[in-house]
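Trainee: Got a minute? I'd like to go through this one with you.

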Amino acid sequence: MYNIAVILAAGNGTRMEMDKSKMLLEIGGKTVIERSVEAFSELPEIDEVIVVCRECDVEAFSGILTDDEITFVIGGSTRQQSVMNAVETIDECDYIIIHDGARPLVTQKAIINTLDKAQLYNAAATGVAVKDTLKIVDEDLSIVGTPDRNNLVSIQTPQIFHFSLYKKALEKAVKDNRDYTDDCQLVENLGEKVYAVPGDYDNIKITTQSDIALAENILKKRGEL
């Protein structure tokens, strides 16, 4: 079994109002990218880690991430294109584990649970039950429907797929001229099932400055700070 983790870190930090990658922000003495990568690189089930980033960040990232089993790939203009750039460097593997670099608090338990489910069903993603009531609105923002909250899951990452299945899904998306913002959609587009694995509400995505303080509070709660 050979598994490769692809860590997506090619964002430009626009919502952070910064002139550098938000992956270089520190949370409890470690950068966001360090925490995200270490969650995977320290697991024996993960054989290789690919970090997808902007060309301008390669030097900074490589100075922080010095493990020989970490390689760097330049990202594309969209999420799908960034993952495709990583896939094109992979000769062969069993499972591809795709994770947002901006989710540095992912637990190894969540990774293993999702990998176990993917090995059973070929495709799995971690997520959490939706707490709020959601509404469907039309173009005028008038409410037109209320989906059953019991059937809703907020999908996070990692999202894990059998590599041959993911490549087939990616090829179909390219052929159909579709560009998806979520990797599960690629596989759903093939008519294949993706299984949701109960995850953690602590697996937050670092998007704004306030998320840094929230992340540090979570680490304190875990006893890691």
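Mentor: Sure, here's a chat about helix packing, one strand and one residue. The model is predicted, so local features need pLDDT of at least 70, side-chain atom pairs count only at pLDDT 80 or more, and totals for chains, interfaces and linings use all residues. Residues are numbered from 1 along each chain as its sequence is written, and side-chain values use heavy atoms, with hydrogens and water left out.

Trainee: At what angle do α3 and α5 cross?

Mentor: Roughly 130°, with the axes of α3 (residues 79-87) and α5 (residues 163-175) coming within 11 Å. That makes α3 oblique to α5 (under 35 degrees is roughly parallel, over 145 roughly antiparallel, 65 to 115 roughly perpendicular, the rest oblique).

Trainee: Which residues make the contact?

Mentor: Q80, V83, M84 and V87 of α3 meet F163, Y166, K167, L170, A173 and V174 of α5; contact means heavy atoms within 4.5 Å. They divide into 8 nonpolar, 1 polar and 1 charged.

Trainee: Switching to β7: how many of its residues are buried?

Mentor: 6 of the 7 in β7 (residues 123-129), so the strand is largely enclosed by the rest of the structure. Buried means under 20% relative accessible area, exposed over 50%, partly exposed in between, with a 1.4 Å probe and protein chains only.

Trainee: Which strands does β7 pair with?

Mentor: β7 pairs with β10 (residues 153-162) in the antiparallel sense over 6 bridges, and with β11 (residues 195-198) in the parallel sense over 4 bridges. Pairing takes at least two DSSP bridges.

Trainee: And N217, buried or partly exposed?

Mentor: Partly exposed, at 47% relative accessibility.

Terms used
Axes are lines fitted to C-alpha atoms, for helices over the stretch in contact, and angles run from 0 to 180 degrees between N-to-C directions. Helices (H or I, at least four residues) and strands (E, at least two) are DSSP runs, numbered from the N terminus. Ala, Val, Leu, Ile, Met, Phe, Trp, Tyr, Cys and Pro count as nonpolar, Asp, Glu, Lys and Arg as charged, and the others, Gly among them, as polar.
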